[in-house]
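Here is a short report on one protein chain. It moves from single residues to whole elements and ends with totals for the chain.

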Amino acid sequence: MPLLIRAEDQVDVPERLPVVALRDLVFCPYVVLPILIGRRRSVAALEEARETDNLVVLVAQKDPGVDDPGPNEIFRVGTVARLVQVSALPDGTSRVVLEGLGRARIKRLTTTTEALRATVEPFVDREAEPEGDPPDRVASLARSIVSLYGEYARLHERIPEELASTLSAEGDRVRLAHLVSGHIILPSVEKQEILESVELDRHLDLLREILVRELEILRIERKLDRQIQLQLGGPQPFDFAPGLKAIHREPAKEEPDEWAEIAETITNADLPPHARSRADKELGRLRKLNPVAPEAAVIRTHLDWIVSLPWAARSKDSIDVRRAAGVLEAAHFGLGEVKERILDHVAVLSLVREMRGPILCLVGPPGVGKTSLGRSIADALSREFVRVSLGGVRDEAEIRGHRRTYVGALPGRVIQGMRRSGTRNPVFLLDEVDKLARDFHGDPGAALLEVLDPEQNRTFTDHYLELEFDLSDVLFIATANTLQDVPEPLRDRMEVIRLPGYLDTEKREIATKFLWPRQTERHGLEARPDLTAEAVHVMIERYTREAGVRELERRLSRIARKLARAVADGKEVPTSIRAEDLKELLGPPPYQPSDRDQEGERVGIANGLAWTAAGGEVMDVEVAIVPGGGNLRLTGTLGDVMKESAQAAVTYARSRAQVFGLDPLFHEKVDVHIHIPEGATPKDGPSAGITIAVALISALTDTPTRPDVAMTGEITLRGRVLGVGGVKEKAVAALRSGMGKVVLPASNSSDIELLPDEVKEKVEFELVRTMDEVMDAVLARSPYRSRRSPTESSVEVPVSHA
C-alpha cells in the first residue's frame, strides 16, 4: 500500500524502493542537490527508479571506505527523494539532481536484483502541523536557529548568505529544521543523528547546540585572521611572537592528529619520487582544509591509496624448477603440456632473474582447473596470488578507475588487486576474460590492452591515482572458456595454453586422490570410506557428463553429506562405497549408457564430432527422405554456417547422383529433412559438413553407417575435405563415447601428435582428403554398388540406368 510522506504535497510513496548508498553525505528532506552516481548498485537503483516512479531512498554509509556496501553497512533512516534531472556524463557516470521529500525508516533490505531494494515506512515528524499555535518553546527555538544560522552563513565562506534570508521562524518549522540541517557543514555521523531525531524540539535543540559550537569556532578563526593581518600590515618587519601569543590566548587550533598521522605515514612510506611529490602536494592541500569538509575526505582517501600501494615491496621468487614441478604435480593431475609451459617460464626466470614475455591465457571448458592452476603457479613461484573476476564487467572504469571528481570514486580492479597483494610482483589472475561486456560506459577489453602489454604496463596510469604504476613485474594469467569472445587485439597479447577435457582414467585418479579426500575432510568424516574403482566408473559414466570434474565433485560432496548425516544419527557408516550403493546415495542416474543404433538401423544416421565450451561431444546427424517437391528442411537450431554446410552437402550429393545410381532429377521428387538432435542447443560451424554428407548419402542409397566411427571436417562442393579446429577436445569426446575410429581431414595430421597417449592407443585415426575416402571409412558397404532410387520402397522415382 502506498505511504504518505508529506501531507501538504500529497506525495504517495510505494512500500518498496531502490536504495542509493551515499559516501560522507546525509541527504535531508526539502533539500535540492546534485550528486554524481557511478557505482554499480547505485546505477542499477537509478535505472530502476527511472523505469518506475522516479523515487529512491538515499541512505548514508556507516563506513565511507566500503565500495560495495551491503545491508549491514548502511544506516536504517534515510530520505525518500525524487529524481528531478538525470544527465549522462561522457565517462559513464550520471549527474542527478534530487529533491528530498521526507524521511523514511528501512524495515528490510533485499538484494534479489542488482540494486539494493528496501521496504520502508514513513518516519513522520510527530509534531507536524499541530492543532492551534505551536508551543512557545518550539517557536523560541525556531527564532533562535534562524538568527544563529544567519550569522553562520555570514561567517562561513562556503555558505551563501542568500540562503539565510529565505528562512523564517513563522512558517513550517519542520521544513526549517530540515533545510538548516541540510545546509550546515558537519560530519556525516552528526548529520545522521539529526536526521534520526523524532521530536521536533529535540531536532531544534541539536541544531541550536551545533550552531552555537560552530559559530564559536568561526569567531575564533576570524579573530585570529584579523590579528595576524594587522600585524602583517605594520611598517616594521613581521614578528611572529604577538600572533603566537594571540593564538595561545585562544582555545588551541592545532593541526588535527589525523593530519599528523598521515604526514608520518607518508614520511615512512617507501614511495618513488613522483609518488612522494604528489603525496606531499596533496598533504599541503589537506592541511588548509577543515577536517570535516567533504573535500578533505576525498584527499585523505586518495593519500591512503598512494601510501598503501606496493611501490617497491617484492616477494622473493622461488627459482627452483624441481620444487615448482613438485608443487604443480601435488596440486594437479595430468595437464602435462600446461605444466611444461609453466616450468619453461620458471627456468627462464632462474637464468635471467626477470620474467618478461607474453601473458599466459588458459583456455578450456569449465571444471578443468584453470583458476586453481593459477593459484598453484603462485605457490610454485612463492609469489602472492590475486584473483579478479571479469565476468560481466562492462565499464572501463572497473579497470582504470574513476576520476576523483566523482562521488565515491575508487581505483580500478588492477590497482585494488595490487594493494591486496602487498607486493609489486604477484601472480595476477584475470578470470573469465571472455565474459567481458561493452556498452556506452566504454570497452573494458580495450582498457586491458595497456595492462597486458609488456611494453606499456610499466607506466600503467589509473584514473583515480593519476600516477604511473609499474606492472612489468606482475605475472598476468588470463582464463577463458572460449577464445572467440576475446577481442582480437587482446588475444594477440596473450600466449594461449589450451586445457582439454579430462579422460575418464584421469577423472578416476582425480576423484580418488584429490576430490574424495578433500570432501571427507570438509564434512568431518574421520573414518574415510574407500571409494571403489567400479563406483567411480559408474559415477563418471552415468552421473556426470562434462569435460571437467566440477559436477563429479558435487556428486562426491553429496555422498559425503549423506555419510555425515548417518554419523550424526548414530548409524553405522560403510567402510567402502560400491557401485550398487550409488542409487541410494545419489538417486537414479540421470544419464544412461550410450545406446547407439546398430548397423541394420543406421541408414541416414552418422556420428559427428562437435566442439563446445564444455569440451568435445559426439553428435548424431539424421537425414530422412520423404515424398515431396524438392524441398530442403533443416532443424535442430542450426546457425548460418552449419546451414550452408548442409546445403553444400546436398549439392555434392546431387552432383554425384549418377555415381550413386540415382536419378539425376531425384531432388525434384523428394523432400530432404536434415535434423541434428538436442534442438534446444544452438549449433554452428562448418565441421559437420562431411557428417551431413555421409548421413544424406546413406539415406539416399539405403546404406547403413558404422556405429563405432565418428568424423569431423568441412566439405566443399567438389567433395574435398578441409581441416577444422578443436581436434583434441573432439578426440577425447570420441574416446569417452566408445568410438573405435575417428575420421579426420588430412590437414589435421599434426594435431594427432598432440593428443594424449591413451587416446592414440585406443582410437584409430584415419586421415582423408576427399569424400570418397570418407564414405569408404564410414559406410558399412560401398554406396557405388547401389543402383536404387532413394525412395524405392515408398515413392516411385525414375532411376537412371545409363
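Val84 has a relative accessible area of 49% in this predicted model. Residues count as exposed only over 50% and as buried under 20%. Val84 is therefore partly exposed. Its place is in strand β6, which covers residues 77-88. Which residues does Val84 touch, leaving out those up to four places away in sequence? They are Val97, Leu98 and Glu99. Leu98 lies 14 residues from Val84 along the chain, and the two C-alpha atoms are 5.4 Å apart.

Asp530 can be described in the same terms. It belongs to strand β16, residues 530-531. Its relative accessible area is 51%, and the cut-off for exposed is over 50%, so Asp530 counts as exposed. Trp516 is 14 residues away from Asp530 in sequence, with 9.2 Å between the C-alpha atoms. Beyond residues up to four places away in sequence, Asp530 touches Thr575, Ser576 and Ile577.

Next comes Leu351. This residue is part of helix α12, which runs over residues 336-352. Is Leu351 buried or exposed? Its relative accessibility is 72%, so Leu351 counts as exposed. Together with Val348 and Val352, Leu351 makes a nonpolar surface patch of about 300 Å².

The three accessibility values are set out below.

| Residue | Element | Relative accessible area | Class |
|---|---|---|---|
| Val84 | strand β6 | 49% | partly exposed |
| Asp530 | strand β16 | 51% | exposed |
| Leu351 | helix α12 | 72% | exposed |

Now for strand β9. It spans residues 359-363, and five of its five residues are buried. In a regular strand, side chains alternate between the two faces of the sheet. Which residues of β9 lie on each side? Ile359, Cys361 and Val363 are on one side, while Leu360 and Leu362 are on the other. All of these residues are buried, and both faces of β9 are covered.

β9 has two parallel pairings described here. One is with strand β15, residues 494-498, through five bridges. Within that pairing, Val363 has Arg498 as its bridge partner. The other is with strand β14, residues 475-480, over four bridges. There, Cys361 is matched with Ala478. Cys361 and Val363 both belong to the side of β9 that also holds Ile359.

Helix α23 is mostly covered too. It takes in residues 689-701, and 13 of its 13 residues are buried. How far does α23 reach from its first C-alpha to its last? The span is 18 Å, close to the 18 Å expected at 1.5 Å a residue. Asp702 follows α23 and has a positive phi, near 55°.

Finally, the chain as a whole. It holds 27 helices and 26 strands. Of its 802 residues, 50% are buried. The chain exposes about 38,300 Å², and carbon and sulfur atoms supply 48% of that area. Contacts can also be sorted by distance along the sequence. Among those between residues at least 6 apart, 73% join residues at least 24 apart.

Conventions:
Residues numbered from 1 in each chain as written. Predicted model: local features only at pLDDT ≥ 70, side-chain atom pairs only at ≥ 80, totals over all residues. Heavy atoms only, no water. Patch = residues over 30% accessible without salt bridge, like charges linked within 9 Å, V, L, I, M, F, W, Y side chains within 5 Å. Areas by Shrake-Rupley, 256 points an atom, 1.4 Å probe, with all protein chains shown as cover. Salt bridge = Lys/Arg side-chain N within 4 Å of Asp/Glu carboxyl O. Buried < 20%, exposed > 50% of the residue type's maximum accessible area, 1.4 Å probe, protein only. Pairing = 2+ DSSP bridges. Contact = heavy atoms within 4.5 Å. Expected span 1.5 Å × (residues − 1).
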